[in-house]
Amino acid sequence: MKKLFVAVLFLAAACGLTHFAQGQTLKFGHINSMELMQAMPETDSAQAQLQAYAAELENTIKLMQTELENKQMEYRNGQSQWSDLIRATKERELQDMYARTQEFMNQADEDYKAKSQALLAPITEKAKQAIDEVAKEGKYNYIFDTSSGVVLYGAEGDNIMELVKKKMGL
C-alpha cells in the first residue's frame, strides 16, 4: 500500500510538473462511488435478487445440516445394537453426508460471489461510464474515489457526485 501511495504521488508530481511546464493546470475531482452505487435504482433490484438467492442457499444448507444431525443421532442411538459391518457402513454414510454438505457450502459461496459479480458488473460499468463522461466534459485530469480511500488531496478537488447523478438522471 505504501509503495502504491508513493507511486501515485510520484505520478501526480510528474504529471503536475509536465502540465506546469506546459502552462496547464491540473483539475482534480472526487466522488464517493459507493454512495453513487447506492443511489442507483438498479442496485436495489440487484440486492433484492442477491438476498433471495442467499436465503435459498441458506435454506438448503439448513436442510442438509438437519438431515446430517438426524443421521448422527440415529447412529448414536443404534450403534451399540449394530454389527461391525452395519456400523462401518453408517459411519461412511455420515462421512459422505458431511463431505457433501461441506462441498455444497463451498460451492454455494462461490456461486453467490459469481452471481453478485454478474448482477453488479453492469451497474458498476454504467457508473464508470457516467464518471468518465463527466470527467471529460469537465476537463478533469484525475478523479479520486473517496470510498476506497485513494485520495491524495480532496479539499481542492470538485465533488462531481451531483454532476454524475444528473448525467444518470438520478
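## A salt-bridge network at helix α5

Let's start with a small group of charged side chains: E133, E137 and K167 are joined in a network of salt bridges. The model they belong to is a predicted one. Within this group, the side chains of K167 and E137 meet with a separation of 2.6 Å, N to O. K167 lies in helix α5 (residues 161-168) and E137 in helix α4, so this salt bridge ties together parts of the chain that are 30 residues apart in sequence.

How accessible are the two partners, K167 and E137? K167 counts as partly exposed because its relative accessibility is 35%. E137, at 55% relative accessibility, counts as exposed.

## Bridges between helices α3 and α4

A search of the whole structure finds eight salt bridges, and two further ones deserve a look here. In one, K126 pairs with E42, and the closest N and O atoms are 2.5 Å apart. This pair links distant parts of the chain, with K126 in helix α4 (residues 84-137) and E42 in helix α3, 84 residues apart. Both ends have some access to the surroundings: K126 is partly exposed, with a relative accessible area of 37%, and E42 is also partly exposed, at 27% relative accessibility.

The other joins K90 and E74, whose side chains meet in a salt bridge of 3.3 Å, N to O. Here too distant parts of the chain are linked: K90 sits in helix α4 and E74 in helix α3, 16 residues apart. K90 counts as partly exposed at 23% relative accessibility, and E74 is partly exposed with a relative accessible area of 35%.

## Lysines over rings

K90 has a second role in this picture. Besides its salt bridge with E74, its charged end sits over the ring of W82, 5.4 Å from the ring centre. A further example involves K115, whose charged end sits over the ring of Y53 at 5.1 Å from the centre.

## A lysine without a salt bridge

Now back to helix α5, where K165 is found. What is the nearest side chain of opposite charge to K165, and how far away is it? The answer is E162, at 4.3 Å. K165 has no salt bridge, because a salt bridge needs the side-chain nitrogen within 4 Å of a carboxyl oxygen. K165 is nevertheless buried.

Leaving out residues up to four places away in sequence, K165 touches E35, L36, A39 and L170. In general, side chains of opposite charge can pair when their charged atoms come close.

## An aromatic cluster across two strands

The whole structure holds four aromatic pairs. One of them is F28 with Y142: the ring centres are 5.6 Å apart and the planes lie at 15°, so the pair is stacked. It connects distant parts of the chain, since F28 is in strand β1 (residues 28-31) and Y142 in strand β2 (residues 142-145), 114 residues apart. Y142 also pairs with F144, and this aromatic pair is stacked too, at 6.4 Å centre to centre with 20° between the planes.

Together, ring pairs link F28, Y142 and F144 into a cluster. Which of these residues are buried and which are partly exposed? F28 counts as partly exposed at 27% relative accessibility, and Y142 is partly exposed with a relative accessible area of 22%. F144, by contrast, is buried, with a relative accessible area of 10%.

## How far to trust the details

The mean pLDDT of the protein chain is 85, and 81% of its residues reach 70 or more. Where is confidence lowest, and where is it highest? The lowest mean, 47, belongs to helix α1 (residues 2-21), while helix α3 (residues 41-78) has the highest, at 96.

Two stretches call for care. Residues 1-10 have pLDDT below 50, and beyond near neighbours in sequence this stretch has three contacts in the model. Over residues 17-21 the pLDDT is likewise below 50, again with three contacts beyond near neighbours in sequence. Where pLDDT is low, the predicted coordinates should not be read in detail.

Key: Residues are numbered from 1 along each chain as its sequence is written. This is a predicted model: local features need pLDDT of at least 70, side-chain atom pairs count only at pLDDT 80 or more; totals for chains, interfaces and linings use all residues. Side-chain values use heavy atoms; hydrogens and water are left out. pLDDT is the predictor's confidence in each residue, from 0 to 100. Helices (H or I, at least four residues) and strands (E, at least two) are DSSP runs, numbered from the N terminus. Contact means heavy atoms within 4.5 Å. Rings of Phe, Tyr and Trp (its six-membered ring) pair if their centres lie within 6.5 Å; planes under 30 degrees apart count as stacked, over 60 as edge-to-face and the rest as tilted. Buried means under 20% relative accessible area, exposed over 50%, partly exposed in between (1.4 Å probe, protein chains only). A charge sits over a ring if NZ of Lys or CZ of Arg is within 6 Å of the ring centre and within 35 degrees of the ring normal. Lys and Arg count as positive and Asp and Glu as negative; His and the chain ends are not counted.
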